[in-house]
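Student: Hi! Can you walk me through this structure?
Tutor: Sure, let's take a look together.

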Amino acid sequence: MATYSFVTEWRLDAPIDRVYDTIADAIGWPEWWKGVESVEEIRPPIDRTGVGRVLRYTFKGRLPYTLTFDMTVEEIARPTTIVGRARGELDGVGRWTLAQDGGDTLVRYDWNIRTTRWWMNLFAPVAAGAFKSNHDYIMRSGMDGICRRLGAVNGSCVWIAA
């Protein structure tokens with residue numbers, strides 16, 4: 001299996017609680033995040049924090065394929081951290097980390113995954129750059145969408161790194 005480690009960072013002109021609540025409400029992502037085809041709850045959380053909840057995500061970027069995986073919430077620390085374990089066409093761990101910086105919120109997403117689809121693994125040596133570009137496209141779409149969702153003005157959301 002091919003492995004990937006992606007880091008995405010955004011600076012959003014919005015309070016941390018609003019940013020956190022928008023990210024934590026993954027069922028609502030398809031309403032504002034281009035490329036998120038669907039999110040459905042497969043299993044409710046095992047406690048009031050949300051730990052144990054399983055959501056099924058389907059993403060579609062610029063490339064002609066979708067990726068579907070189930071994400072189990074493993075850790076929640078409102079309003080700074082959400083960690084989940086993916087299983088399905090992607091297998092690994094995603095970690096959202098948020099921090100308040102003045103009036104802005106710094107958002108970091110660490111995505112450490114392996115692909116499980118045979119053709120992605122076969123083409124990984126030559127297509128890794130295209131897969132990274134597709135990931136960046138999805139994450140930029142997320143930043144643009146959350147910026148609009150939170151009512152931030154043009155230019156108040158910044159892509160820091162990818």
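Student: Let's start with V126. Is V126 buried or exposed?
Tutor: This is a predicted model. In the model, V126 has 72% relative accessibility, and exposed means over 50%, so V126 counts as exposed.

Student: Okay, and which helix is V126 in?
Tutor: V126 is part of helix α3.

Student: Which residues make a nonpolar surface patch with V126?
Tutor: W118, L122 and F123 join V126 in that patch. The patch covers about 520 Å².

Student: Back to the helix. Where does α3 bend?
Tutor: The bend is at P125, and it comes to about 95°. You can also look at the ends: the end C-alpha atoms of α3 are only 37 Å apart. A straight helix with its 32 residues would reach 46 Å at 1.5 Å a residue.

Student: And what follows α3?
Tutor: G151 does, with a positive phi near 75°.

Student: New topic! How many disulfides does the structure hold?
Tutor: The structure holds one. C147 and C157 form it, with their sulfur atoms 2.2 Å apart.

Student: What parts does that pair tie together?
Tutor: C147 lies in helix α3, residues 118-149, while C157 lies in strand β8, residues 157-161, so the pair ties together parts that are ten residues apart in sequence.

Student: Is the link right-handed or left-handed?
Tutor: The link of C147 and C157 is right-handed, with 95° about the S-S bond.

Student: Last one: are those two cysteines buried or exposed?
Tutor: Both C147 and C157 are buried.

How values were computed:
Residues are numbered from 1 along each chain as its sequence is written. This is a predicted model: local features need pLDDT of at least 70, side-chain atom pairs count only at pLDDT 80 or more; totals for chains, interfaces and linings use all residues. Side-chain values use heavy atoms; hydrogens and water are left out. A disulfide is a pair of cysteine sulfur atoms within 2.5 Å. Helices (H or I, at least four residues) and strands (E, at least two) are DSSP runs, numbered from the N terminus. Buried means under 20% relative accessible area, exposed over 50%, partly exposed in between (1.4 Å probe, protein chains only). The expected span of a helix is 1.5 Å times one less than its number of residues. The bend at a residue is the angle between axes fitted to the seven residues ending there and the seven starting there. Patches are made of residues with over 30% relative accessible area and no salt bridge: like charges are joined within 9 Å, nonpolar side chains (Val, Leu, Ile, Met, Phe, Trp, Tyr) within 5 Å. Accessible areas come from the Shrake-Rupley method with a 1.4 Å probe; for residues, only the protein chains shown count as cover. A salt bridge is a side-chain nitrogen of Lys or Arg within 4 Å of a carboxyl oxygen of Asp or Glu.
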